[in-house]
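Thanks for making time this morning. I have one structure to go through, and I will keep to what can be read from the coordinates and from one database record.

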Amino acid sequence: MSLTKQRVSYFYHPEVGHFYYGPSHPMKPHRLKLAHHLILSYGLYKQMECYRPHPATPGEITKFHSEDYVNFLSRINPDNLKQFTQQMQRFNAGDMTDCPVFDGLMEFAQLYTGASLDGAIKLNNNETDIAINWTGGLHHAKKSEASGFCYINDIVLAILELLKVHARVLYIDIDIHHGDGVEEAFYCTDRVMTFSLHKYGDFFPGTGHIKDVGAKEGTGYSVNAPLTSGMTDKAYEDIFKPVMDKIMEIFRPGAIVLQCGADSLTGDRLGCFNLSLKGHAECVKYVKSFHVPTLVLGGGGYTIRNVARCWAYETSVLLDQPIPNKIPFNDYFEYYAPDYELHLTPEPRENMNTEASLEAVRVELLQQLQELQGAPSVQMQEVPPEFDLKKEEAYAEGMNDGGAEDDIRDGGNGKTSKGYGDGTRRAHSAELYDGEKDQ
Ligand SMILES: [Zn+2]
């Protein structure tokens with residue numbers, strides 16, 4: 001562990017904010033431009049190495065995603081939809097889903113994915129200590145399926161890159177939604193631990209029960225903190241920190257990937273937690289304090305002025321560079337009206353997570369982690385063996401086909417990692433098209 005100042009690298013492609021999911025769709029790539037300009041206007045770029053990432057190639061993307069799915073994403077556009085009716089259904093894209101086909105869809109995915117890969121490579125080469133890609137973190141995408149506004153899972157691809165050098169990688173997800181795509185990809189391995197804190201119960205994507213702990217070699221390595229509406233800074237911290245301490249003690253990762261979805265903030269258009277910027281960023285600060293090479297990613301966030309506030313503030317936290325509460329003048333200054341201030345005040349509403357329920361989650365997760373101690377694993381290996389995701393996939397596919405091992409993820413909650421077991425997909429539906437304004 002080195003306690004010298006951590007080097008920070010920042011990856012941003014100037015085109016990534018120009019894509020458009022469609023009218024009234026809550027996912028606005030424009031928020032990425034707002035965040036970038038706020039970071040610039042605070043002068044934070046001066047203290048980090050800034051890079052323009054390469055667009056990920058189809059060859060890089062098929063390290064996780066299936067070829068036919070990547071092919072489909074490369075070929076489809078709003079003008080040729082009719083030729084792809086069947087595939088759109090199969091791959092969960094198009095107007096009937098929450099993953100529309102929009103102009104430049106594949107380019108968009110290539111840009112945010114390339115930035116995550118470049119960050120992972122920079123960390124692998126020991127050329128930086130922290131790599132930031134606010135444009136990535138699309139945690140719902142599956143091997144052959146778009147889901148929850150996500151098409152390509154840049155997180156899984158970045159973790160696969162990190163596994164070339166590191167024996168163990170820790171994934172942390174503070175988005176309000178469960179990090180299902182990442183959990184599913186690594187559900188059966190002990191080389192990746194996933195820790196997701198999320199709203200659970202009648203909420204997209206429906207997975208992330210506390211009893212979903214992983215399978216086979218990965219049993220115990222999926223860590224889920226199911227929470228409900230109104231989470232406060234204090235309550236969140238009281239789960240996050242003790243569980244993180246135990247994870248770091250037991251799992252000892254060589255690298256960390258931190259997904260900082262901003263939809264867990266107060267006032268989010270789709271979310272229902274009540275975190276301030278400081279509460280959200282406390283997780284970032286805490287992860288940073290372990291001095292492990294870390295890839296920091298964006299994710300959800302649907303009140304776009306707050307997304308920009310959050311990620312600009314977290315950039316300052318990662319740089320140990322305090323910034324004033326007064327928003328500096330920038331191209332999108334008017335978005336921050338009426339107060340033109342950085343920080344958010346939580347809403348005066350009840351935290352529906354009771355002391356007892358929070359204590360129960362904390363105790364159960366600490367117990368789950370304690371049981372890993374002493375279990376045989378790759379922990380003592382100096383050089384990681386080749387990671388064979390294909391082997392894990394064959395297993396996962398067997399489950400999804402309704403094979404004999406279908407119930408392996410059923411920890412008594414009657415749900416598989418797919419969520420329902422009844423084959424239905426849960427969309428953001430009710431949360432979409434609600435007629436709210438963009439910001
Ligand atoms: Zn989310």
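I will start with the whole chain, then take the annotated site, one helix, and a few backbone details.

A caution first: this is a predicted model. The chain has 439 residues, and 53% of them count as buried. On secondary structure, the chain contains twelve helices and eight strands. If you take the contacts between residues at least 6 apart in sequence, 78% of them join residues at least 24 apart.

Now the interior. The largest nonpolar core is made up of 126 residues. Ala35, Ile159, Tyr171 and Val257 are the ones with the most contacts inside that core. Take Ile159 as an example. Leaving out residues up to four places away in sequence, Ile159 touches Val169, Tyr171, Val192 and Val257. Two of those names, Tyr171 and Val257, you have just heard in the list for the core. Ile159 itself falls within the range of helix H6, 154–162.

Next, the annotated position. UniProt, in an unreviewed entry, places the feature "active site" at His140. Where in the fold is His140? It sits in the loop between strand E3, residues 130–133, and helix H6. Is His140 buried or exposed? It is buried, because 29 other C-beta atoms lie within 10 Å, and the cut-off for buried is 20 or more. As for what surrounds it, once neighbours within four places in sequence are set aside, His140 is in contact with Ser147, Gly148, Cys150, Asp180, Gly181 and Pro205.

Keep Pro205 in mind, since its backbone deserves a remark. The peptide bond from Phe204 to Pro205 is cis, with omega near -5°. Pro205 lies in the loop between strand E5, residues 192–199, and strand E6. That loop also holds Asp202. Asp202 has a phi near 55°, which is a positive value in a residue other than glycine. Asp202 counts as exposed, because it has 9 other C-beta atoms within 10 Å, where 12 or fewer is the limit.

There is another positive phi at Arg252, near 45°, again in a residue other than glycine. Arg252 is in the loop between helix H8 and strand E7, residues 255–259. With 12 C-beta neighbours inside 10 Å, Arg252 is also classed as exposed, so it sits right at the limit of 12 or fewer.

The last element is helix H11, residues 355–370. Does its length come out as expected or not? At 1.5 Å a residue, its 16 residues should span 22 Å, and the end C-alpha atoms are 22 Å apart, so the two agree. Which residues of H11 are buried? They are Val361, Leu365, Gln368 and Leu369. These four cover an arc of only 95° around the axis, so they are on the same side of H11. The buried residues of H11 pack against strand E6, residues 222–227, and helix H8, residues 233–251. On the face turned away from that side are the exposed residues Glu355, Ala356, Glu359, Ala360, Val363 and Gln367.

One more cis bond comes in the loop between helix H10, residues 304–318, and H11, where Pro338 is placed. The peptide bond from Ala337 to Pro338 is cis, with omega near 5°.

To close, the point to take back to the bench is that the His140 annotation comes from an unreviewed UniProt entry, and the model is a predicted one.

Conventions: Residues are numbered from 1 along each chain as its sequence is written. This is a predicted model: local features need pLDDT of at least 70, side-chain atom pairs count only at pLDDT 80 or more; totals for chains, interfaces and linings use all residues. Helices (H or I, at least four residues) and strands (E, at least two) are DSSP runs, numbered from the N terminus. Two residues are in contact if their C-beta atoms, placed from the backbone, lie within 7 Å. A nonpolar core is a set of buried Ala, Val, Leu, Ile, Met, Phe, Trp, Tyr and Cys residues joined through C-beta atoms within 7 Å. UniProt positions are given in the numbering used here, feature names are shortened, and annotations may be inferred rather than shown by experiment. The expected span of a helix is 1.5 Å times one less than its number of residues. The arc is that of the directions from the helix axis to the C-beta atoms.
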